[in-house]
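Hi there,

Here is the structure I promised to pass on. Have a look at it first, and my notes follow underneath.

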Amino acid sequence: MGERRILLIVGGGIAAYKSLELVRLLAAENVRTRAILTAAGAQFVTPLSLGALTQDKVYRDLFDLTDEAEMGHIELSRQADLVVVAPATADLMARAANGLANDLATTALLATDKPVMMAPAMNVRMWEHAATQRNLAQLKADGVTFVGPDDGAMACGEFGPGRMAEPAAIRDAVMAFYAHRGVGAGVAATGARPLQGRRILVTAGPTIEPIDPVRFLSNRSSGKQGFAIAAELAKLGADVRLVAGPVGLDNPSGVTVTRVETAAQMLGACQAALPADAAVCVAAVADWRPAAVAATKLKKTKTGLPAITLAENPDILATLSAPGPNRPRLVVGFAAETDDVEAHARAKLARKGCDWIVANDVSGDVMGGDANEVAIVTAAGVERWPRAPKGAVAARLAHAIAAALA
Ligand code: C5P
């Protein structure tokens with residue numbers, strides 16, 4: 001493989017500082033970055049800091065004759081494998097969507113013959129504005145792929161979608177692009193649908209285990225993380241089979257969903273979805289169920305309390321991980337722990353026989369909340385990911401799965 005090189009266009013937004021981190025993360029993966037800094041971008045990061053990280057000249061002005069003598073804008077736009085726009089501001093998206101070429105950044109976007117990936121960053125109202133959504137649809141139709149934006153608190157004090165994806169998520173998207181470059185043709189080669197043709201099983205939500213016709217044992221799992229993972233895998237082109245316990249979430253688009261109640265039903269639905277290339281067990285399966293389900297509602301009596309004897313539920317993750325012709329190539333489990341998170345995750349990896357454990361600390365507000373901080377534990381070691389919205393964690397995990405299955 002030759003040298004890997006991207007062209008990074010840094011637009012003008014408060015998120016521009018995160019692009020410096022992106023350059024560093026890509027360098028660690030042996031991807032070199034050449035950068036174009038827009039005039040607005042230069043209000044947020046200096047050419048000096050960007051140049052120090054890229055160890056290269058930073059390109060800024062379309063009419064800088066020295067630049068033209070050294071390298072024309074056409075060549076600049078084509079000698080990279082991929083053009084990454086981060087942050088992609090509302091203005092940059094608008095100009096790119098309309099084919100304007102009034103500065104070096106937009107000229108490069110118009111002249112390039114390489115795939116373009118954008119990481120939008122803007123105020124939530126600007127993101128939701130009909131004009132931006134129109135530009136987004138146009139850019140997608142033109143073949144541009146997108147990372148983010150994430151939901152969350154913004155520099156301007158508002159809350160909602162518009163935050164630029166974390167540098168690590170953009171790095172993962174770039175690495176997924178490289179992992180799939182040359183696989184298939186057309187869209188697959190752009191990294192947009194690297195999981196095309198793969199089937200992935202995902203479990204999500206709690207299970208409920210009946211005591212009698214009206215009562216059950218269960219837990220507080222919201223299903224949000226599992227549904228987000230299913231959605232992100234589908235976006236990458238996978239044939240996703242989501243087996244979900246009772247949760248109040250809509251079916252993610254493009255995902256085949258089977259709704260179940262008990263662990264036994266969940267196991268049956270999972271086995272029916274095999275063979276699969278990967279399985280991601282996110283469900284908080286109840287560990288126990290009442291050994292016998294009363295046929296009629298238990299009644300209060302004066303003679304004493306009902307005794308509920310428990311039986312152990314099947315371990316779906318361990319069952320799917322067991323060697324056999326139908327074992328998915330990659331089995332991913334989750335570990336929700338409140339203490340000694342990584343040590344427990346490592347033990348769980350061995351006990352369950354899966355390939356990765358996504359460990360999270362649930363001592364805070366993870367259950368039912370919108371953010372998650374995870375560590376990926378594999379036989380090779382541990383990778384800690386920064387706290388991020390569940391959607392961003394899901395996107396990064398989906399890209400990591402795509403890379404592993406490549
Ligand atoms: O053993 P523990 O419940 O902590 O393991 C968590 C992991 O195992 C999660 O991936 C969960 O989806 C999976 N699991 C399962 N079936 C069970 C219990 C847990 O698939 N009965």
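Let me start with a helix. Helix H5, residues 90-97, lies across four strands, E1, E4, E5 (116-120) and E6, and runs at about 140° to E4. Please keep in mind that this is a predicted model.

The strands that H5 lies across belong to an open sheet of six, in the order E3-E2-E1-E4-E5-E6, with parallel pairing. Strand E3 (58-59) and strand E6 (145-146) stand at the edges, and each has a single partner strand, so one side of each is left without a neighbour in the sheet.

Now to strand E1. On one side, E1 is joined to E2 by seven bridges, and the two run parallel. One pair to look for there is Val 10, whose bridge partner in E2 is Leu 37. E1 (residues 4-10) also pairs with E4 (residues 82-88), again in the parallel sense, over four bridges. Here you can find Ile 6 with its bridge partner in E4, Leu 82.

How many of the residues of E1 are buried? Seven of its seven are, so to speak, under cover. Arg 4, Ile 6, Leu 8 and Val 10 point one way from the strand, while Arg 5, Leu 7 and Ile 9 point the other way, and all are buried. That fits the general pattern: in a regular strand, side chains alternate between the two faces of the sheet.

A second helix is part of this picture. Helix H1 (residues 16-28) lies across E1, strand E2 (31-37) and E4, and its direction is at about 175° to E1.

On the surface, there is a nonpolar patch formed by Ile 14, Tyr 17 and Phe 44, with about 340 Å² of accessible area together. Of these, Phe 44 sits in the loop between E2 and helix H2 (47-54). Is Phe 44 buried or partly exposed? With a relative accessible area of 41%, Phe 44 is partly exposed, because buried would require under 20% and exposed over 50%.

Finally, a residue much further along the chain: Ala 406 is found in the segment after helix H14 (390-405). Ala 406 counts as exposed, because its relative accessibility is 55% and the cut-off is over 50%. Between Ala 406 and Thr 89 there are 32 Å in space, C-alpha to C-alpha, and the two are 317 residues apart in sequence.

Happy browsing, and do write back with any questions.

Best wishes

Methods. Residues numbered from 1 in each chain as written. Predicted model: local features only at pLDDT ≥ 70, side-chain atom pairs only at ≥ 80, totals over all residues. Heavy atoms only, no water. Pairing = 2+ DSSP bridges. Contact = heavy atoms within 4.5 Å. Axes fitted to C-alpha atoms, helices over the stretch in contact; angles between N-to-C directions. Patch = residues over 30% accessible without salt bridge, like charges linked within 9 Å, V, L, I, M, F, W, Y side chains within 5 Å. Areas by Shrake-Rupley, 256 points an atom, 1.4 Å probe, with all protein chains shown as cover. Salt bridge = Lys/Arg side-chain N within 4 Å of Asp/Glu carboxyl O. Buried < 20%, exposed > 50% of the residue type's maximum accessible area, 1.4 Å probe, protein only.
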